Amino acid sequence: FYCMGVTDSCGQLTDEPETLPFCDSDGNVCGAFNDKAVDCSYMCEGYCYWPGSNAVNPNTSQVSSFTQFKTETPGSSAKYQQCVNIGSQEAAHEALRHAQGAFFVSIVIGQIAGLLVCKTRWLSIKSQGMQNKFMLFGIGTEVMLVLFLCYCEPLNVGLGTRNLRLVHFFPAIP
């Protein structure tokens with residue numbers, strides 16, 4: 001996450017544009033990102049302004065714009081600094097949630113595989129078939145339950161999982 005501040009150090013980061021303050025030329029807060037007065041376009045001391053906020057640095061008169069950010073190499077000057085690498089933290093949390101969902105699915109697939117291994121200890125599936133209706137009902141119920149728990153959005157939040165792609169089911173297959 002790159003930002004520009006009044007000084008060379010990173011300031012306070014804001015998540016929402018409505019909470020980003022703007023100051024007048026004297027440094028007094030006079031508005032926010034979406035609601036500011038005419039002469040209220042300067043950066044406030046102690047805040048971090050992202051590219052595209054169009055805030056003016058009162059010391060250097062540089063504007064925090066997308067065009068300026070695209071033309072410079074981030075970190076090579078004091079204009080923009082990398083303050084927090086938000087992307088990697090979010091990606092790590094999402095990867096963890098996908099992994100938790102895949103692990104849950106792998107347990108279920110392992111249970112089904114264990115059932116089939118016990119059933120075919122002496123005779124193969126080809127020779128004895130899958131005639132046990134209770135076993136088929138159990139496998140079907142288990143598969144439907146795991147699909148429901150994987151793809152039901154409120155349960156994803158509660159269990160800390162995410163929807164899985166079909167290829168994430170394959171590593172668990174023995």
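**View 1. How sure the predictor is, from one end of the scale to the other.** In the protein, mean confidence bottoms out at 58 in strand β4 (residues 81-82) and peaks at 93 in helix α4 (residues 133-151). Keep in mind that this is a predicted model. Across the whole protein the average pLDDT is 79, and 78% of the residues reach at least 70.

**View 2. The overall layout, for getting your bearings.** You'll find 5 helices and 4 strands in the protein. Walk along the sequence and they come up as β-β-β-α-β-α-α-α-α. Of the 174 residues, 27% are buried. Take the contacts between residues at least 6 apart in sequence: 49% of them join residues at least 24 apart. On the outside, the protein exposes about 11200 Å², with carbon and sulfur atoms supplying 61% of that area.

**View 3. The disulfide between Cys-23 and Cys-44.** A disulfide, in case the word is new, is a covalent bond between the sulfur atoms of two cysteines. The count for this model is 2 disulfides. In this one, Cys-23 and Cys-44 are joined with an S to S distance of 1.9 Å. Cys-23 sits in strand β2 (residues 21-23) and Cys-44 in the loop between β3 (29-32) and α1 (66-71), so the bond ties together parts that are 21 residues apart in sequence. The torsion about the S-S bond of Cys-23 and Cys-44 is about 115 degrees, so this disulfide is right-handed. Are the two cysteines buried or exposed? Cys-23 and Cys-44 are both buried.

**View 4. The disulfide between Cys-30 and Cys-40.** Here the S to S distance between Cys-30 and Cys-40 is 2.0 Å. The pair links distant parts of the chain, with Cys-30 in strand β3 and Cys-40 in the loop between β3 and α1, 10 residues apart. With a torsion of about 110 degrees about the S-S bond, the disulfide of Cys-30 and Cys-40 is right-handed. Look at how each end is covered: Cys-30 is partly exposed at 31% relative accessibility, while Cys-40 is buried at 0%.

**View 5. Val-38, out in the open.** Val-38 belongs to the loop between β3 and α1. Why does Val-38 count as exposed? Its relative accessibility is 85%, and the cut-off for exposed is over 50%. If you'd like a landmark, try Asp-24: the C-alpha atoms of Val-38 and Asp-24 are 9.3 Å apart, with their positions 14 residues apart along the chain.

**View 6. Two more cysteines, Cys-118 and Cys-150.** Cys-118 is exposed, with a relative accessible area of 59%. Cys-150, on the other hand, is buried, with a relative accessible area of 3%.

**View 7. A nonpolar patch on the surface.** Val-143, Met-144, Leu-147 and Tyr-151 make up a nonpolar surface patch of about 340 Å². Pick out Leu-147, which is found in helix α4. Leu-147 counts as partly exposed, at 32% relative accessibility.

**View 8. Asn-156 and Thr-161, two buried residues in contact.** Asn-156 lies in helix α5 (residues 153-159), and Thr-161 follows in the segment after α5. How buried are they? Asn-156 has a relative accessible area of 1%, and Thr-161 has 9%. Setting aside residues up to four places away in sequence, Asn-156 touches Leu-149, Cys-150, Thr-161, Arg-162 and Asn-163. With neighbours within four places likewise left out, the contacts of Thr-161 are Arg-97, Gln-100, Gly-101, Leu-149 and Asn-156.

**View 9. A salt-bridge network around Glu-94.** What links Glu-94, Arg-97 and Arg-162? These residues are connected in a network of salt bridges, and the count for the model is 2. One bridge joins the side chains of Arg-97 and Glu-94, at 3.3 Å from N to O. Arg-97 and Glu-94 both lie in helix α2 (residues 86-119), 3 residues apart, or about one turn of the helix. In the bridge between Glu-94 and Arg-162, the closest N and O atoms are 3.2 Å apart. That pair links distant parts of the chain: Glu-94 is in helix α2 and Arg-162 is in the segment after α5, 68 residues apart. As for exposure, Glu-94 is partly exposed at 29% relative accessibility, Arg-97 is partly exposed at 27%, and Arg-162 is partly exposed at 21%.

How values were computed
Residues numbered from 1 in each chain as written. Predicted model: local features only at pLDDT ≥ 70, side-chain atom pairs only at ≥ 80, totals over all residues. Heavy atoms only, no water. pLDDT = per-residue confidence, 0-100. Buried < 20%, exposed > 50% of the residue type's maximum accessible area, 1.4 Å probe, protein only. Contact = heavy atoms within 4.5 Å. Areas by Shrake-Rupley, 256 points an atom, 1.4 Å probe, with all protein chains shown as cover. Disulfide = S-S within 2.5 Å. Patch = residues over 30% accessible without salt bridge, like charges linked within 9 Å, V, L, I, M, F, W, Y side chains within 5 Å. Salt bridge = Lys/Arg side-chain N within 4 Å of Asp/Glu carboxyl O.
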